[in-house]
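Me: Got a minute to go through a structure with me? I'd like to talk about charged pairs, the chain contact and the cysteines.

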Amino acid sequence: MAAEKSFRNSSRARKVTLHNVILVAALFFIWEVTAKIIHSPFFPSFTEVVGATVRVMVVGDIEGYRLSDHAFASILRVLSGFGLACITGFPMGLLMGLKREIYDASKSIIEPVRFVPPIAWLPLAFLLLTGYLRYAMIIWLGAFFPILLNTIAGVRRTSITLINVAKVFGADKRSIMFKVVVPSALPETLAGMRIGLGVGWMCIVAAEMMGGDPVGLGRLITKYVELLRIDVSLAGILLIGLIGFLMNEAFMQIEKRLLKWRMEVKI
Amino acid sequence: MTGVNSSVIVDVNKVSKSYGNLEVLIDVTFKVSKTEFFVIVGPSGCGKTTLLKIIAGLETPSSGSVLINGNPPNPRFLNIGYVFQEDSLFPWRTVSGNVRFGLEVKGLTSEDKVKEVIDLVGLTGFEHYYPYQISGGMRKRAAIARALAVDPLLLLMDEPFGDLDAQTRWIMHKELWAIHERLRKTTLLVTHNVEEAIYLADRVAVLTKRPGIVKKIIPIELERPRNKLSRQFIEYRELIIELLREEVPGI
């Protein structure tokens, strides 16, 4: 039965992939044809964008940075800020989920701050911090709150019965925390992390556009828009979308693996 | 205290419990001796679950006392197995992971013991299944195995078969009795099912509707294994239902 189900799932997955490939190919084709008809330097065709991508990949941009330099710079910045958000948001979420009074007492700080778009902190971050840290701070601000709030919600949802099971066996607070509360909150926490990663990826592009550092996908886009070279800018935009998509897919695979005990992994 | 009756495992003495103005239990008194299968039967809302939680040390009585083997019920120091009314398996642990839980918490992990109790409840072959992959009856068996794995001094069961269908419930009665015959664990089970009580119990305590008071304790003097259709069985059933009827008009 299980084998049949996984077979059905994999054949369904193949079908979905096929549909998506067809749709993307159709989109690129329409783009190509439209660009050829319009024939404007501000509307590069798909093949021109692919050409620009290859050029930046192999030769580098006007300052000599290759596409991989830009991509890695952005990814590294996001992952460091995201990592910081995980190691701060998760324990704080556990604490605030278990001790409601701590959340209540700090609510008037958490709630308003979480509604400030991380980008709004950019000028301040650039004034106060240097290099890597300024980006990490922006990403941290974007990713921290989804992780914190989801973890709080997950902890609060922990079943009293399961906690009682542990108590009857004589479990101490530590065991209850790590053997019951943490695994029980994990689905929510992971969902919060995935959302946080997405927010972080969106923030990084904006931060790089304003940051002034010569590398980063955000910077690549502005660099070439200033030169009216839309083809390279579009190459950067496409790559941002592609990397965001791949990071999300990778995270979902991790989630699926960690949460294989769930009947359906709700994504 | 000690020496009066060394075979008394559970000594519930004038236990009362109220939440604010709501009186749940009044002066509940009974003793359960070693290896005894003691069943408390009572209508819904008579405080059965509260009583079990007090005995397990999960709640404290408003007045009165509970002694388990002469000690106050502190789960840190007492070895108690508890089978909860609701689904209580950890969904992120497999069957064997669940059974191992109590041993892990107590620092006694023993794979042999895990295997032994899984075998005892008939779940061999399902060790690596997650709770969502097995039936309700199998989840109950796993919960029983988990409670037995720590070799408890006392087994507490709170309406363990309440959410099972009639047929599975019947099978579980037989199996639970077989397990009890083999291990002779002192067992305290609460239920609202009269047949379940008579089939399993050495003695049945009838609890009244809220506030819960022990109305009568009836020793069940029937041969094992018991026949639910025998005349004496039905007489016991009539007797207990009569006692309950006074509490809940309209049964």
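Reply: Sure, we can take those topics in turn, and keep in mind that this is a predicted model.

Me: How many salt bridges are there over all chains?

Reply: The count comes to 26 salt bridges. One of them joins the side chains of Lys223(A) and Asp61(A), at 2.5 Å from N to O.

Me: Where do Lys223(A) and Asp61(A) lie in chain A?

Reply: Lys223(A) lies in helix H9 (residues 217-226), and Asp61(A) is in the loop between helix H2 (46-58) and helix H3 (67-98), so the pair ties together parts of chain A that are 162 residues apart in sequence.

Me: And are Lys223(A) and Asp61(A) buried or exposed?

Reply: Both Lys223(A) and Asp61(A) are buried.

Me: OK, chain B now. Which residue does Arg237(B) meet in a salt bridge?

Reply: That would be Glu195(B), with 3.1 Å from N to O. This pair also links distant parts of its chain: Arg237(B) is in helix H7 (residues 231-245) and Glu195(B) in helix H6 (residues 194-200), 42 residues apart.

Me: Why does Arg237(B) count as partly exposed?

Reply: Because its relative accessibility is 25%, and partly exposed runs from 20% to 50%. Glu195(B) counts as partly exposed too, at 27%.

Me: What does Arg231(B) form a salt bridge with?

Reply: With Glu235(B), and the closest N and O atoms are 2.7 Å apart. Arg231(B) and Glu235(B) both lie in helix H7 of chain B, 4 residues apart, which is about one turn of the helix. Arg231(B) is exposed, with a relative accessible area of 58%, while Glu235(B) is partly exposed at 43%.

Me: Which residues are linked in a network of salt bridges?

Reply: Lys113(B), Glu116(B), Asp151(B) and Lys185(B) are linked that way.

Me: Switching to the interface. How many residues of each chain are in contact?

Reply: 26 residues of chain B are in contact with 20 residues of chain A. The area buried between the two chains is about 2,100 Å², and carbon and sulfur atoms give 73% of that. Trp92(B), Val105(B) and Tyr132(B) supply 31% of the area that chain B buries against chain A, more than any other three residues.

Me: What about salt bridges and polar contacts between chain B and chain A?

Reply: There is 1 salt bridge between chain B and chain A. Glu104(B) forms a salt bridge with Lys179(A), the closest N and O atoms being 2.6 Å apart. For polar contacts, the count between the chains is 4 residue pairs, both residues at pLDDT 80 or more.

Me: Which elements give two or more residues to the side of chain B that touches chain A?

Reply: Helix H1 (48-56), strand E5 (80-83), helix H2 (95-105) and helix H4 (136-149) of chain B. H2(B) gives the largest share, 4 residues. By class, that side of chain B has 16 nonpolar, 2 polar and 8 charged residues.

Me: Last topic, cysteines. How many disulfides does the structure hold?

Reply: The structure holds 0 disulfides over all chains.

Me: Why is there no bond for Cys86(A)?

Reply: Because the closest cysteine sulfur, in Cys203(A), is 15 Å from the sulfur of Cys86(A), too far for a bond.

Me: Are those two cysteines buried or exposed?

Reply: Cys86(A) is buried, with a relative accessible area of 13%, and Cys203(A) is buried as well, at 5%.

Definitions and conventions:
Residues numbered from 1 in each chain as written. Chains lettered and ligands numbered in written order. Predicted model: local features only at pLDDT ≥ 70, side-chain atom pairs only at ≥ 80, totals over all residues. Heavy atoms only, no water. Salt bridge = Lys/Arg side-chain N within 4 Å of Asp/Glu carboxyl O. Buried < 20%, exposed > 50% of the residue type's maximum accessible area, 1.4 Å probe, protein only. Contact = heavy atoms within 4.5 Å. Buried area = accessible area lost by both parts, 1.4 Å probe. Polar contact = N/O pair within 3.5 Å; in protein donor to acceptor, adjacent residues only side chain to side chain. Nonpolar A, V, L, I, M, F, W, Y, C, P; charged D, E, K, R; others polar. Disulfide = S-S within 2.5 Å.
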